[in-house]
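Good morning, everyone, and please have the sequence and the structure open while I talk. I will go through a sheet first and then through the nonpolar cores.

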Amino acid sequence: MVDNRLIDELRQIVGNENILTSKISLETYSFDASPYSGRPSVVVFPTTTEMVANIVNIANKNDIPLMPRGAGSCLSGGAIAPDGSIVISLTKMNNILEIDPLSKIVLVEPGITNKQVQLAVEQYGLMYAPDPASQNISTIGGNIAENAGGIRGVKYGSTKDHILGLEVVLPTGDVITTGNIHSQVEPELDLTYYFCGSEGTLGIVTKAWLALSPINPEVKTMTAIFGSLEDAGSCVAEIIAKGVVPTTMEIMDNTVIKAVDDYLKLGFPRDAEALLLLEIDGFPSDVKTQVNSIINAFASNHALSYKIAGNEQERLDLWKARRSVNGALGKLKPANIVHDIVVPRDRLALMLEKVAQMAKKYGIIIGQVAHAGDGNLHPTLYYDHRIPEEVEIVEEACDEIIKETIAQGGTISGEHGIGIEKLKYMPLAFSKPTLNLMKNIKDAFDPKNICNPGKLLPQITED
Amino acid sequence: MENTEFLRSLRAEVNNISTAINPSDLDINLEQNYNPQLVLTPNSIGEIVSIVKLANKYGVPVYPIGSGSKFSKGISPFDEGVLVSLKNLNKVIEYRPDNMSIEVEGGLPINELQRMLAKDNIFFPIDASNDLQTIGGLIATNAFGRKKYMYKTTRFYVMGMEFISPQGEIIKVGGRTIKNVSSYDVHQLLAGSWGTLGIITKATLRVKPVPEKGIVLGYVAKNGNELLKVIDSILYKEKLSLASLTFEQLDSGFLIKLELEGFAETLKLQQELLQCKYGFSESSYGFADIDNAHGIIALPLKSYLKGLGKLLEHNSGDKDIKIRGNATSGLLSFNTNASRDMLQNIADSINTLQGTFVFGNHSLTEKNRGLAYNHLIRNIKNKMDPNHILVPASKVMRE
């Protein structure tokens, strides 16, 4: 329990201006972007690695749960403070420590936002490739904890593809440095990539070496409309098979197209079953080759029409439909739940169709937007949370969507993480020996289970 | 070992398990002082499970092996235990060209994988140094090839994995999708674990379409100074579709080779630029061999030129050193009988540049991650392998 004596010790470490204990302030730290909530005992804002280590030492000595927190934009409950916990907010550790444009590496503290990193490296013609939709607010520490993806993910991969090394305060209070900024020529176990996506359960990242990529000089954006999901799906497969890797490849289904058209009056055909939004980048000569390839794929897969943006305004117009999805669909019902399932790319069209059938079967509205290039679907189920029957039906539909995802050889989360939300699905996705092994490894990092407990790994029942 | 309890129990459990006394019976050439008592060649995952479970019961060390090409790099000499060759686990399990994924068994050699993918104009982007290296071995060592600059290392192409835990359980993690944040990436712990945390029986790999075009350009720099200048410009000033920049010292001058990969039209423009501005001309495949050398240096890219400059300085008095390098991977290598003093001098220079210098199989620039790191690695190992069965003579586990 966090008592006054401990509060004083924490105050000693971080200073009076870096600690919150009042009921109202704690209330604001009891949520993330998921529907869950928790009851933290205290929030501290360390400004150095040493402070973080000292705080963790106190938690460790007194068996108090702790939770590292960035912007709190987690969608699966990963940033919900355990009851009675110390919340370690990293938002005051938000400096860029070194930019090395020659090696294309930036060393940052975890509390800096993704956007701030982008802005800082832009002047060198470089970018940090992962660009989650939350990039304006979400922090690098949070991105690492959740292995955040992004709109450009098809081409550039997710956070773990761009991390070179980490400084981490372990749940025991020890500080370690992982990874390499040069080629590894000695045998060594690199823990960097195990921390990525570990949802704050293995330690607290206090520094990160990020790999940067050159900004490609030219971008081209286009949309195409299809009469069936199947045509759109095979178009996606054909584009990829031809060696074109778009930075973005978004697909919207008929429910979404109609809702967006009602909202924005863009003049989409009402019977359009799929809208594909693509963006490619590269040297100008690369872009030319890729555009030709894509237009051919549109034609051979029976696209009803297509548009290519000729300038920035036209580009924004093409993006407008995609960006308005939440606004347009939000008008239909007061509440919604969104999944982030992934299926192999060759099953994307089939999965979109299966979910559309489920919407019919359960008599509910499911809007489907998918990052087609990586097989990541966002079925959004709309309902009225004040009507218990609707809540029940939606829950049932969710379970069926997850089961179908696994049956299609997919995975239950591609972006949002397991957190609290998907704990119940873990035994469907992993065998008992696998879950046991994960638990054993967690014990090695966190023998007292104080680091963000209750997330990611379900309670394993004994037979 | 012929009559031990372990082998008797194994024979009772697994009919016809193939055994051999010498690794050379399996075309595996181990260096001196590597003396396994027995070599097993299981035919199925179930047989590996039996081997590992019985090894735990009888306390027999187990050393998984693929082609054996990197065995002594990661493992110290030993006299006790069995080699478990994955050579019979070499099937393709699931190939999905439209998903750009392929699931294969751990013992499949890289050249067989590439041959199969090539039919669909697809490739696995790790250019292994040896055709026979197995997929399991590439993953376990997190191997990278000449084109690391463009394609990074093996771990980035592993989407899913099945492995036998050190206690003999079949563990399945990850999947066949590019995006996947469902729980811990245990396969990322296994990648680069050098066999210490599990025996990789299957892996689902991300593969890529073959680039439209690849070209090789060559140029001979007259001396060290010119070499440094050209590398500096190519690496840091030009915008190129660069896959590798390698060089090797000739009797006079340095042969520099560039590999470009991408769309044909773009490469044509880049080739013209490199021809006009630097005098590069089209060249043949065949590149400086960086891996097989006494001395290997790895540097961060920003200090690569400084490191190379230092090495050239040390070299001025010793004509026998022929320096080779891969500037895009930050690597330098050379063969020499140089004195201890000279090696130490080189090591000191590399240390100040935050690089690593390995000579023979020994590191002369001791990178110490500290007690806490080593302790954590040990803890993970102990939790996964409480009986210390899997690769006990590993160089990865440090005290």
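Let me begin with one pair of residues: Ser18(B) has Thr41(B) as its bridge partner in β2(B). The two strands concerned, β1(B) and β2 (residues 38-41) of chain B, run antiparallel and are joined by 3 bridges, where strands count as paired if DSSP finds at least two bridges between them, and helices (H or I, at least four residues) and strands (E, at least two) are DSSP runs numbered from the N terminus.

Before going further, I should say that this is a predicted model, in which local features need pLDDT of at least 70 and side-chain atom pairs count only at pLDDT 80 or more, while totals for chains, interfaces and linings use all residues. Residues are numbered from 1 along each chain as its sequence is written, chains are lettered from A and ligands numbered from 1 in the order in which they are written, and side-chain values use heavy atoms, with hydrogens and water left out.

The strands belong to an open sheet of 4 strands in chain B, ordered β1-β2-β4-β3 with mixed pairing. Its edge strands, each pairing on one side only, are β1 (18-20) and β3 (62-65) of chain B.

Which helix of chain B lies across β1, β2 and β4? That is helix α1 (residues 5-13).

Turning to the largest nonpolar core, meaning buried (under 20% relative accessible area, 1.4 Å probe, protein chains only) Ala, Val, Leu, Ile, Met, Phe, Trp, Tyr and Cys residues joined through side-chain atoms within 4.5 Å, we find 125 residues. Helix α13 (residues 348-362) of chain A gives the largest share, 7 residues. A second, separate core has 44 residues, including Ile234(B) and Leu312(B).

Key: Contact = heavy atoms within 4.5 Å. Axes fitted to C-alpha atoms, helices over the stretch in contact; angles between N-to-C directions. Buried < 20%, exposed > 50% of the residue type's maximum accessible area, 1.4 Å probe, protein only.
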